[in-house]
Amino acid sequence: MIGKFLKPSGGDCLWEEDKTDVDQTSGTAFVFNANVSLSVDQQKQRLPIFESRLHILYLLEQYQVLVLVGETGCGKSTQVPQILYEAGWCENGRMVGITEPRRVGATSLAKRVAEEMHSHLGQLVGYAIRFDDASDPSTTKIKYMTEGILLREMMSDPLLRKYSVIMLDEVHERTLLTDILLGLLKKILRKRKDLKLIVASATVDAEELRDFFNQNKKKKEMASIISIEGRLYSISVFYSKEPVPNYVKGCVETAIKVHEHELPGDILIFLPGKEEVDTAVEMLREHGNQIKRSDKKLLVLPLYGSLPNSEQLKVFRYTPRGLRKIVVATNIAETSVTIPGIAYVIDCGFQKLKWFNPESQTDALITVPISQASADQRAGRSGRERPGKVFRLYTESAYSELSEATPPEMQRTELSSAILQLKALGISNILRFPFPSPPPAKNVLSALELLFALGALDERGNLTEPTGLQMAEFPLPPLYSKALLVSGDMGCSEEMASIIALMQVQNIFTRPQGGQASIKAKVEKRKFEVEEGDLLTYLNTYNSYVKHLEDEKEWCHKRFLNYKALRRSTELRERILRLLRKMDVPIVSCKGNSVKICRCIAASFYPNAAYLHPSGVYRSVRGQQDFYIHPTSVLYNVQQPQWILYCELLHTDKIYMNELTAIDPAWLEELAPHFYHKTSVDYG
C-alpha cells in the first residue's frame, strides 16, 4: 500500500472531499466544463487571455518579438492565433504559423481551433506533421505544425514569406528543434522586418529569451515580454509521506484509491515511457474488469508518442456517463493539450530523456527525475475545467531538490540530424550559429565526423552533392536516409523502403500480457522470424501482410499483428518511394535476395556495429561499450551471431541493442573502408 499524501502545508492526510461542484441534493457531479452551456464566443471570453488581447496586438505592432508567458490554462495556444486572424494578420495571402513540440499537440489544437472558428479541419485551420498534411495553401490561414515541419519549410522558403506571424509554443521544453528555430528566426527577423515572432510558454525564463533577441545594444530593442494570468480553478497538491519504491505500482494503487474515494472526475497518470504506460494500463484494466457496479466502471486509455493518431485522439473524447476515464501518459500530455474532464493528476516524478555520450558514441534514453518546471506543468493538467487535485509520488523535500528546469535537448543529444539541417539551410559555420544554449563541442565534433563518414559532408564541412543534399531532404535520421539512397545501387530499394517505413511506426507485433494469448502471440511471431535479424523479420511480416489485403484485419488479428501500424507503414512506404523517385533513385526489388538487403544495411548503419566478445557480451566497435541483445529481438534466444548492426539502444540496468541485423564482418571493410580496417586484438 502507498503511504498517505500530505498537502505542502503539512496538513492532515489524504484526500479531503471537495464538494464545490456537486449538487448537494442529488449527490451527482455537474459536467466538468462549467461553461459548456455557453456559446463558443462566451467560453472564449471567460479565458484569462481574452482581457489581454489588445495588449498583445499593441506589443506586436511595437516590437518584432513578443515573449508571451502564460500559465497553463490561460488559452494562449488556441486563442492567440484567432486574435491575430481577427486583427487582420492573415490578409494578403499570408498566414499565422504555430509550432508545437509534439504531433498530438499540433493535431488536437488544430481540431479545437477549427471547431471554435466553425470551419472544417484542413480549410481555414489546418495542421502539418511528419508524413501527414491537413492544410490547403489557398485557404489555410492558421497552421499548426511540428517544429520539424517549419524547419523543412525554411529549406524551400528561407525567409518564410507566406507567414506574417510565427508562434513558437511550449518553448520551455527546449527541444533540439526549438533552439535551432530560435537561432534561425533571429537571423530571418533581421532580413524581414515585417515578420513577427511570438515565443510562448507556461514556464520560461522570459528575460533570458528577451535578451537573446535584444543582444544588439546599438539598435532599438526588438523584443518585449507580456505575462498573462492563468489557471481557471484552484489545485490542491499532495505529496507522499515517504518515497514510493515502485512508481508504476504506486501510480496504479493511487488511481484505484482516487476512484474509490474521490468525487467524479477523470484521472491523468504520468509515467516515464511506453513500457511503463502499457504495464499500468494492463493492471488498471484487470482491476476494472473486476468491478461489478455499472456506475463505477473504468475507461483506461494509454497516450504516448508512438501511438497512431487515431488512438491518441481517443483520450480527447468526453467520457461516457457512468464511466471514469483514466489516461496513462508519458510527458506527451505535459504541455500543449487539454484532456477534457481531468480532475486528478498522479505524477510519478520521472521522465525519459535522451543523453548522448560522445566517448562511447551512444545516444540512450534514460529515466531521470523531472524538473520543478515539469512537475508544475503536470500539475497544471488538472484545474482546467474544475478544481483539481495532484498526487505526487515523491516527498515535498524531494520536490525542493529537483532542478528548476530540464536541461535543453541541444546540450544532451546526438546532433547529426540537426547539423545536417543547418548545413542544408546554408549555415556554413556551425560554431558561430546563435544557439540559445550552445551544445558541447564534443557533441558537435562527433556529429561532423559521422556526417563526413556517411558522405554527407566534404573535408571542408560543406554539404556534398548530391548525397548530402538528398540526405537533408529526407525527414529521417542520417543513417536511415543513407540506407534509402544506397538501396538503388544495391538493388533493393523496394525492400528498404518497406523496412524504413516499418521502423517509423509502433511495434507491428502485439504483446498480450500473460496467459494463453501471450504464448500464442510468440508462436505466431516465430512464423515470421528469420536468422538475419529483426529488420528482415519486419520485411517478412510486411510481405505476408500485403498478400492478404482482402481480409487484412482478420488476418492481422489471428496472427497478433498490429493492423493499424501495418496499414500506416503502407502509407509511409508510398511516400518514401515518391521521395526516392524524385531523387532518381532506381526503384528495384531484390526478389528475396536477403544478402543484398543485409549488405545495404551494412553500407549505411556501419557506425552501429558490435561484435561478440570472448567474455560472452557484445562490444561496440566505437567506444568499446558492453551491449546486450534486447529480449524482444529475434536474435535473443538463438545462437549469437559474431557481428551485428543495431538501430536502437535502450538503457535500463544494462545497455540493450534492438532492431538488429546479423552481418558478415568482411562487408564492413569492403563497404566502409574509410571507417574500418583490420587489426589484431589482444583480449588479454
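Reader: Which strand does helix H6 run against at about 150 degrees?

Author: This is a predicted model, in which local features need pLDDT of at least 70, side-chain atom pairs count only at pLDDT 80 or more, and totals for chains, interfaces and linings use all residues. Residues are numbered from 1 along each chain as its sequence is written, and side-chain values use heavy atoms, without hydrogens and water. Helix H6 (residues 176-191) lies across E2, E3, E7 (163-168) and E8, where helices (H or I, at least four residues) and strands (E, at least two) are DSSP runs numbered from the N terminus. The angle of about 150 degrees, taken between N-to-C directions of axes fitted to C-alpha atoms (for helices over the stretch in contact, range 0 to 180 degrees), is to strand E7.

Reader: Which strands stand at the edges of the sheet?

Author: The open, mixed sheet has eight strands in the order E5-E4-E6-E3-E7-E8-E2-E9, with pairing requiring at least two DSSP bridges. Each edge strand has a single partner, so one side of each lacks a neighbour in the sheet; these are E5 (132-134) and E9 (223-228).

Reader: What is the bridge partner of Ile 98 in E6?

Author: Strands E3 (residues 95-100) and E6 (residues 142-146) run parallel and are joined by five bridges. In E6, the partner of Ile 98 is Tyr 144.

Reader: How far apart are the axes of H17 and H19?

Author: Helix H17 (residues 493-502) packs on helix H19 (residues 534-546) at about 100 degrees. That makes the two helices roughly perpendicular, a class covering 65 to 115 degrees. Their axes are apart by 9 Å.

Conventions: Contact means heavy atoms within 4.5 Å. Angles under 35 degrees count as roughly parallel, over 145 as roughly antiparallel, 65 to 115 as roughly perpendicular and the rest as oblique.
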